[in-house]
Amino acid sequence: MKSLPLYITLLFFAIVTCLTSCVREDDEPALAKISVSRLYISFSEFQLDESRPPYNNIDIIDRADTLTFEPALSYNSGIKGGAGISFSPIAKFIFQSSANGAGSVNDTSIQIMSVNAETGAPAYKGLISNGLLTNVKGLAYHYNKGSENLYVSNIGIGSNPSHIYLFQKPGNFRGKAKRSQEIALGTLTPWTMAFKSTEDNADLLMSVTGEKRGIAIFRDILRKNLPADSVLTATQFPPKAVLTIANQGEVRGFSYSARQDLLAVACYTAGTANVGRILLFENASSLLSATGDRAIEPTRIITGSATGLVRPLDVAIDNRDGAKYLYVADGDTKIVSRFLITDKDNIAPNKIKQYTLTPVALSLDARGPGEDF
């Protein structure tokens with residue numbers, strides 16, 4: 001019987017050790033308990049009449065890969081007209097930039113929202129406000145070894161060139177924010193951005209339009225943020241390659257899936273009647289390893305009257321193993337469409353959602369069980 005207290009003591013320490021070993025570090029991402037498929041949609045309109053209810057500028061289609069293709073939640077982020085939107089499963093934040101309003105409305109900010117792990121519902125977290133953010137299109141977050149970086153692509157006004165701006169530790173801002181770095185883009189006009197991977201020095205991909213149209217690849221950008229408050233000209237830090245896309249019209253948003261090895265680019269030919277296209281590039285990893293400018297040709301194209309694509313502005317690929325779908329936001333028809341990843345030519349969408357507001361950007365949170373939140 002004398003061994004009973006010792007046995008209880010050992011059992012107690014075993015339980016405590018087990019429990020404490022299961023606690024995650026604060027900066028370690030939680031894991032998805034079930035498969036997640038949430039599509040975040042950003043709308044450009046802003047209610048100018050203060051006597052009327054504000055517009056909800058974010059919709060969340062939860063279980064976007066199921067038969068029910070309807071919003072589960074709508075949310076007003078408080079920003080004056082939504083533009084770019086990006087969910088980061090590592091930061092656990094949604095970033096949404098302003099469309100910068102209309103007329104006397106001026107909103108040079110990026111809203112930061114936390115996300116409910118169970119429902120995907122946004123909630124106010126912080127705000128990045130800076131007068132440089134006049135026309136933000138791309139938002140790309142990267143975390144590695146305690147370093148948190150939010151890169152922002154902004155279309156220039158007049159003689160002021162377009163830039164990439166860096167904000168470090170973005171979740172800490174609650175208003176006026178000083179950028180850590182700026183990179184001039186010269187003749188490149190940016191649209192959306194995304195890191196190729198989560199590796200510690202992943203390439204930054206950016207869709208570009210204007211003089212060059214296609215995908216720009218920036219290498220070593222994460223190693224360029226060492227000098228605080230640094231300014232780099234377009235000649236000091238040019239992209240290592242621009243994959244140019246000819247004869248497909250205006251280039252807008254893109255999505256890259258490493259698992260599917262697929263690159264999708266939204267574009268349209270402007271005219272009396274716009275003609276929309278989703279360009280699909282298979283074996284995309286080989287294209288994105290380029291070290292010099294080159295022209296690329298799509299493997300497949302989704303286009304034609306049956307597709308309903310008129311002026312597609314963004315596209316999102318489901319990156320999970322065995323995923324079936326990609327999603328498209330069309331600014332003219334105000335429709336968000338779901339297509340099969342294998343689709344091509346003049347084919348009808350698998351599902352559509354018609355809106356009264358204008359969807360301009362997408363961000364897809366798609367994770368399998370046990371993958372990082």
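A salt bridge is a side-chain nitrogen of Lys or Arg within 4 Å of a carboxyl oxygen of Asp or Glu. By that criterion, the structure, which is a predicted model, holds 16 salt bridges. Side chains of opposite charge can pair when their charged atoms come close.

A good place to begin is the pair formed by R38 and D365, whose closest N and O atoms are 3.8 Å apart. This salt bridge links distant parts of the chain, with R38 in strand β1 (residues 36-43) and D365 in strand β27 (residues 359-367), 327 residues apart. Both partners, R38 and D365, are buried. The pair also belongs to a wider arrangement, since a network of salt bridges links R38, D62, D365 and R367.

Two other salt bridges can be set beside this one. In the pair of R63 and D65, the closest N and O atoms lie 3.6 Å apart. R63 has a relative accessible area of 31% and is therefore partly exposed. Another salt bridge brings together the side chains of D321 and R259, at 3.8 Å from N to O. Here too distant parts of the chain are linked: D321 is in the loop between β23 (312-317) and β24 (325-330), R259 is in the loop between β18 (250-257) and β19 (262-269), and the two are 62 residues apart. D321 counts as exposed because its relative accessibility is 64%, and exposed means over 50%. R259, at a relative accessible area of 42%, is partly exposed.

The strands β1 and β27 lead on to the sheets. Strands of a sheet pair through backbone hydrogen bonds, either parallel or antiparallel. Strands β1 and β27 are members of an open sheet of four strands, in the order β3-β2-β1-β27 and with antiparallel pairing. At the edges stand β3 (73-75) and β27, each with a single partner strand, so one side of each is left without a neighbour in the sheet. From one strand to the next, the twist averages 20°.

The pairings within this sheet can be followed strand by strand. Strand β2 (residues 58-62) and β3 run antiparallel and are joined by three bridges, with D59 standing opposite S74 in β3. Eight bridges connect β1 with β27, again antiparallel, and F43 stands opposite P359 in β27. Although β27 is an edge strand of the sheet, nine of its nine residues are buried, so β27 is largely enclosed by the rest of the structure.

Another open sheet has five strands in the order β13-β14-β15-β17-β21, with mixed pairing. Its edge strands are β13 and β21 (294-295), each of which pairs on one side only. Six bridges hold β13 and strand β14 (residues 204-210) in antiparallel pairing. Within this pairing, T189 stands opposite T209 in β14.

Strands from both sheets reappear around the largest pocket, which has a volume of about 1,200 Å³. The pocket is lined by 41 residues, of which F87, P89, F195, Y256 and L364 are the closest to its centre. Elements giving two or more residues to the lining are β4 (82-88), β8 (136-144), β13 (188-195), β18, β23 and β27. Sorted by class, the lining has 22 nonpolar, eleven polar and eight charged residues.

One of the strands in that list, β4, also holds I85. With a relative accessibility of 8%, I85 counts as buried, because buried means under 20%. The C-alpha atoms of I85 and I110 are separated by 9.4 Å, and the two residues are 25 apart along the chain.

Finally, two loop residues have backbone angles worth a look. N283 is not a glycine, yet has a positive phi of about 50°. This residue is in the loop between β20 (275-282) and α2 (284-287), and N283 is exposed, with a relative accessible area of 52%. K334, likewise a residue other than glycine, has a positive phi near 60°. K334 is found in the loop between β24 and β25 (335-340), where its relative accessibility of 26% makes K334 partly exposed.

Methods
Residues numbered from 1 in each chain as written. Predicted model: local features only at pLDDT ≥ 70, side-chain atom pairs only at ≥ 80, totals over all residues. Heavy atoms only, no water. Buried < 20%, exposed > 50% of the residue type's maximum accessible area, 1.4 Å probe, protein only. Pairing = 2+ DSSP bridges. Axes fitted to C-alpha atoms, helices over the stretch in contact; angles between N-to-C directions. 1 Å grid on protein atoms, 1.4 Å probe; cavity = no way out; pocket = protein on both sides within 12 Å on 5 of 7 lines; lining within 4 Å. Points joined across faces, edges and corners; volume = space filled by probe spheres on them. Nonpolar A, V, L, I, M, F, W, Y, C, P; charged D, E, K, R; others polar.
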